[in-house]
Amino acid sequence: MRRENIRLRALARSGDVDARLKLGGFYLEGTTDFPRNIKLALEYLSSPAKVYKKETALIICKHLCIIEIIENFQIESLRIAAMFGNEARIKLLSLLIVKNNQEEIKSLVNKDDSILCKRIRMLFSEFRQVEYKLILNEIAISYNIPVMEIVAIEARSALMEGNYKKAEEIISLVSQSSQNIPDSIYDIVTKILTAAEERSYEIRKIDPSLIESSLNHSAEKNNKNACYLLGRMLAGFRVESKEHSSLSTTVNLRKAAALLLKAADAGRKEAWLDLFYLCSDYRSSVGNPSMARFCLEKASLFGIPEAKRRLGIITLKDARGIEQMEKGLSLLYESSINGDLISNSIIQTLVLDVQGREEDADSGIAEVQQIAPLLATRLRLARHFGLTKLEALSINPTTAIRPWGLVVEPSSYIKKGSLSEPRAVPAASREAIECIRKAAMEFAPNGEIADLLEGSFRARSLKQRRIFQRINLQENLFFSQANSSQRDALRIGTRWAQNQKIFLDQVLS
């Protein structure tokens, strides 16, 4: 026997087609003298495949399971073998069902009189939509074919192509009652759900019970996306990929909080904001004001605009001094420049009104620019930031500038104590922040001699009044006419919050 095997190998190496066909079959089957080696077997069978297509295909499909056929790119051999053998036909049928190739399925079942094919033919004639899920389950049970592994391979391939809708279509063939669901199916479902959440489209075809079991399975393996989605479902929050009403998952706030915390620690920054909502509800079993503030600060730290806005509002509502006002405005401004329109609306409530049309103000500033450039800069600041005349003429842009706006510093010209305190004014537009930046650059080179160039506050005030009289400008076109109580209400966050209570309640609801 050993001598015959040596002779067979020699003939195969010399290119003998029959020897290579026989040797390839041995290596596919795996014997004592020829240990199973699929790669080597297929190399031997490559030459006979050109001459003995039928024989080669039948050998390949006899000794390779459907998963090995797919992984070794032998689907064409499977198609050839399916023309001659029922076993190959069933393997090909299971693959075609997963691929949803209806035309080829019809052609295939019409060539076979097996009970399964007869049933499929009947289904095609009776229904427009064939229930492939049930047929696959029957194939798995009756023919011991790992159909769920085929589903996993095809769905994974669709995911690698970025075709999440196709992957969803393939996974729709799986139900919770399907036989031998592999872990890879659960992982794929979690990936599809994550992609659907990111792209804001709804999953309609996957069995809801499979979604729940997939998320539970993946969450147990500390998959951060599964923890996040399942946590939101258990908290009763809307999940973009699936309507909560279609799931049997009941609300469980404690488990939801634990899952969201795990997701947040693993890098799902959005989970911090969800935890804030859970913990800030004092009526819930997980209500915890201190934890809520901590989660909101974490969400803000990760750059979530809504978190920055909420933390900014809370900081302003509690502010009794300039430092807290600055912190709150900084958060609101960061949120607004990231596209949060609500933050911008809140910022505008902290800027005093200035009357008149922008066109008239721009025209007047252009005239002043030719006579007194530094005064023109002060007028621009007053217009953009809603400054009073005293604030505009006394402010030093180089020290007042902040990344989010400016701070009107304490003034020695105001006798009333509360009104002489500093006032934080945010930039309500990109033009406003550009204005203070240019003003700081314009005033910076003058340094300590700025007062010498412009004169004292009284001299500036007199110069401004004379220029306005000369070119016929009205002060209310540039300076806010707010009274002392209106200015004082914006200086302290707690008072501002009282005046804006209805608006803030709507924003924070």
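**Helix 19 and the nonpolar cores**

Modeller: In this predicted model, the cover over the buried residues of helix 19 includes helix 18 (270-280), helix 20 (305-318) and helix 21 (322-337).

Colleague: Which residues of helix 19 are buried?

Modeller: Ala-292, Cys-295, Leu-296, Ala-299 and Ser-300 are buried in helix 19.

Colleague: Where do they fall, seen down the axis of the helix?

Modeller: Viewed along the axis of helix 19, the buried residues fall within an arc of 140 degrees, so they line one face of the helix. The face turned away from that buried side carries the exposed residues Ser-290 and Leu-301.

Colleague: What is found at the start of helix 19, and what follows the helix?

Modeller: At the start, a side-chain oxygen of Asn-288 comes to within 3.2 Å of the backbone nitrogen of Ser-290. After the helix comes Gly-303, with a positive phi near 85 degrees.

Colleague: Turning to the largest nonpolar core, which residues touch the most other members?

Modeller: Val-151, Ile-171 and Leu-278 do, in a core of 104 residues. Helix 12 (residues 147-160) supplies the largest share of this core, 9 residues.

Colleague: What is Val-151 in contact with, leaving aside its neighbours within four places in sequence?

Modeller: Val-151 contacts Val-98, Leu-136, Ile-170, Ile-171, Val-174 and Ile-185. Apart from the largest core lies another core, of 54 residues, among them Met-325, Phe-478, Trp-496 and Ala-497.

Colleague: And helix 5, which of its residues are buried?

Modeller: In helix 5 (residues 53-63), the buried residues are Thr-56, Ala-57, Ile-60, Cys-61 and His-63. Their cover includes helix 2 (17-29) and helix 8 (86-99).

Definitions and conventions:
Residues numbered from 1 in each chain as written. Predicted model: local features only at pLDDT ≥ 70, side-chain atom pairs only at ≥ 80, totals over all residues. Heavy atoms only, no water. Buried < 20%, exposed > 50% of the residue type's maximum accessible area, 1.4 Å probe, protein only. Helix = DSSP H or I, 4+ residues; strand = E, 2+ residues; numbered from the N terminus. Contact = heavy atoms within 4.5 Å. Arc of directions from axis to C-beta. Polar contact = N/O pair within 3.5 Å; in protein donor to acceptor, adjacent residues only side chain to side chain. Core = buried A, V, L, I, M, F, W, Y, C linked by side-chain atoms within 4.5 Å.
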